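Reader: Could you take me through one part of this model in detail, namely how the helices pack against each other? Keep it relaxed, but please spell out the cut-offs as you go.

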Amino acid sequence: MKSEIQSRWNYCWIDGRKVEWAESVEVTNPATGEEIGYIPNGGEELAIKAVDAAHQAFPAWSKQPGPERSRYLKEWARRIQAKSTELAQLLSQEQGKPVSEAEGELRVAAEFVEWYAEEAKRIYGEVIPPSRSNHRITVLRQPVGVAALITPWNYPAAMVTRKVAPALAAGCTVVMKPPKETPLIAVALFEELMATGLPDGVANLVTGKASAIGQAWLTDSRVRKLSFTGSTEVGKMLMRQAADQVKRLSLELGGNAPAIVFSDADLDKAADAIVDNKFENCGQMCNGINLIYAHREIADALTERITDRVRQLKVGEGSQPGMQVGPLINEEARHKVSSLIEDARKKGAEIRVGGEELFEKGSFYAPTVLSGVDDSMKLTQEEVFGPVAPILAFDKEEEVIARSNRTPYGLAAYLFTQDVSRIHRVSEALEFGMVGVNGTSLSFPQAPFGGIKESGMGREGGHHGLKEFLELKYIATVLD
Ligand code: NAP
């Protein structure tokens, strides 16, 4: 069985071909610790080969009419949908999330491809009336060139399509590196992309040593753009490396999202939405709620409701029917969650439910609710990235806005209230790229997903996401 998996997965994709590599690294299931496959442990050599292929493919691909590029993307979306059951099993195995969540992620992944298949047809320029009558001002949108794409492990399927689809729609060619924890779903999605008959070299996937691959791409002048999703720490480092050649950048980085529940909110609906968001993907979501600010008048009532819901969550291996929360991605992540909870407990937080590691095998941690949390506790200052819901009380609107804005992150924030004036006032005052009001769903193919401050720059989704892969060119023509 192992050799079948190995021969099935021990390759990446360069210039339209499967590339095998002598050195490989194993991929494991975080729910069991078992090996599920291997990938090439590539480095500089493979990274450069990928750029060679993407650079060579760029002139022809960028000149293809939008409707032609659209055809490949539509076929890719169709193929992902047709294989979604099989792909969801693989995603759940290597990432740990329940199969039902993996199916949802693949649905979203395909929706992004479909959306950008349509956007590929609508890359318009402008003709601007000039102040001198003998001139014509035209503005073109042209593809940036070869784009490097680096993705994280938490949404390893959606992150692939959110980057590849707008890049190809814009007329760019791409080189991509998936994370070491979850590369197999990226290899599988590329298999479906290659099966569309995409011209050789348009999309290339390299697996292996992150720093060697990143360095090779950021020092290669043929690579014109980096689109990175991952931690703020690595994002800052890549930004510094990209500065030497002033490469275009999109950075989707970490978050520290507050959810503010005012005393007039519908508490049942707020508790449902908060628990759905907080425990999705075992709390490993960049726009996941990190801190729950409850108005002091309703703090106990909200805490009861959240605790009741969390107590009922089913935790286990994602492939088992009915599971709602899987393991953390690895032991290191579980250790971080444990130590942040320990710090909060020592400083006076009360554990309402959870607060312990689970099972002998796998990196499971019990879904946890903490009350009596205050701003001195470490988990209020950093991204927890785990199944932990800390509840803090507040008294005044201005106070909770100031406390929410204190973080260096600025990805997502949520608020719950029935007061329309407050909705506008608070959502405009919150220093975050996205605000959810009376709900927590933010990922739509049509919407500009992304953050401000140390959560990054640029947007994914919508026509905004396409523009990340397009340059403006202004042409002033003298008319005779
Ligand atoms: P990470 O450690 O920064 O890794 C992200 C990617 O960068 C991986 O592919 C990783 O490769 C690669 N990488 C690491 N060091 C590199 C280097 N020196 N040069 C080039 N590439 C390098 O982040 P993560 O732990 O996978 O993901 C979790 C983080 O992503 C969280 O902070 C989360 O908030 C953030 N995130 C943000 C968004 C958003 O839209 N804002 C969405 C999802 C996740 P290896 O895996 O091979 O090391």
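Author: α3 and α7 are oblique to each other, because angles under 35 degrees count as roughly parallel, over 145 as roughly antiparallel, 65 to 115 as roughly perpendicular and the rest as oblique. Their axes cross at roughly 130° and come within 8 Å, with α3 covering residues 66–82 and α7 residues 184–194. (Axes here are lines fitted to C-alpha atoms over the stretch in contact, with angles from 0 to 180 degrees between N-to-C directions; helices are DSSP runs of H or I, at least four residues, numbered from the N terminus.) This is a predicted model, where local features need pLDDT of at least 70 and side-chain atom pairs count only at 80 or more, while totals for chains, interfaces and linings use all residues. Residues are numbered from 1 along each chain as its sequence is written, and side-chain values use heavy atoms, leaving out hydrogens and water.

Back to the pair: α3 passes α7 in a right-handed crossing, that is, with the near helix turned clockwise from the far one by less than a right angle. On the α3 side you'll find W76, R79 and I80, and they meet L189, E192 and L193 of α7, contact meaning heavy atoms within 4.5 Å. Sort those residues by class and you get four nonpolar, no polar and two charged. (Ala, Val, Leu, Ile, Met, Phe, Trp, Tyr, Cys and Pro count as nonpolar, Asp, Glu, Lys and Arg as charged, and the others, Gly among them, as polar.)

Now scroll along to α8 (residues 210–218) and α9 (residues 232–243), which pack at about 30° with their axes 9 Å apart. That angle makes α8 roughly parallel to α9, and the crossing is right-handed. G214, Q215 and L218 are what α8 brings to the contact, while α9 supplies L238, Q241 and A242. By class, that gives three nonpolar, three polar and no charged residues.

Then there's α13 (residues 397–405) with α14 (residues 420–429): the axes come within 10 Å and cross at roughly 30°. So these two are roughly parallel as well, and α13 passes α14 in a right-handed crossing. Here E397, I401 and N405 of α13 touch R422, R425, V426 and A429 of α14. The tally for this contact is three nonpolar, one polar and three charged.

As for where these helices sit, the chain is divided into domain 1 (12–253 + 455–476) and domain 2 (257–437), with bounds from an automatic or database domain assignment. The C-alpha centres of the two domains are 31 Å apart, and their contact takes 23 residues from domain 1 and 26 from domain 2.
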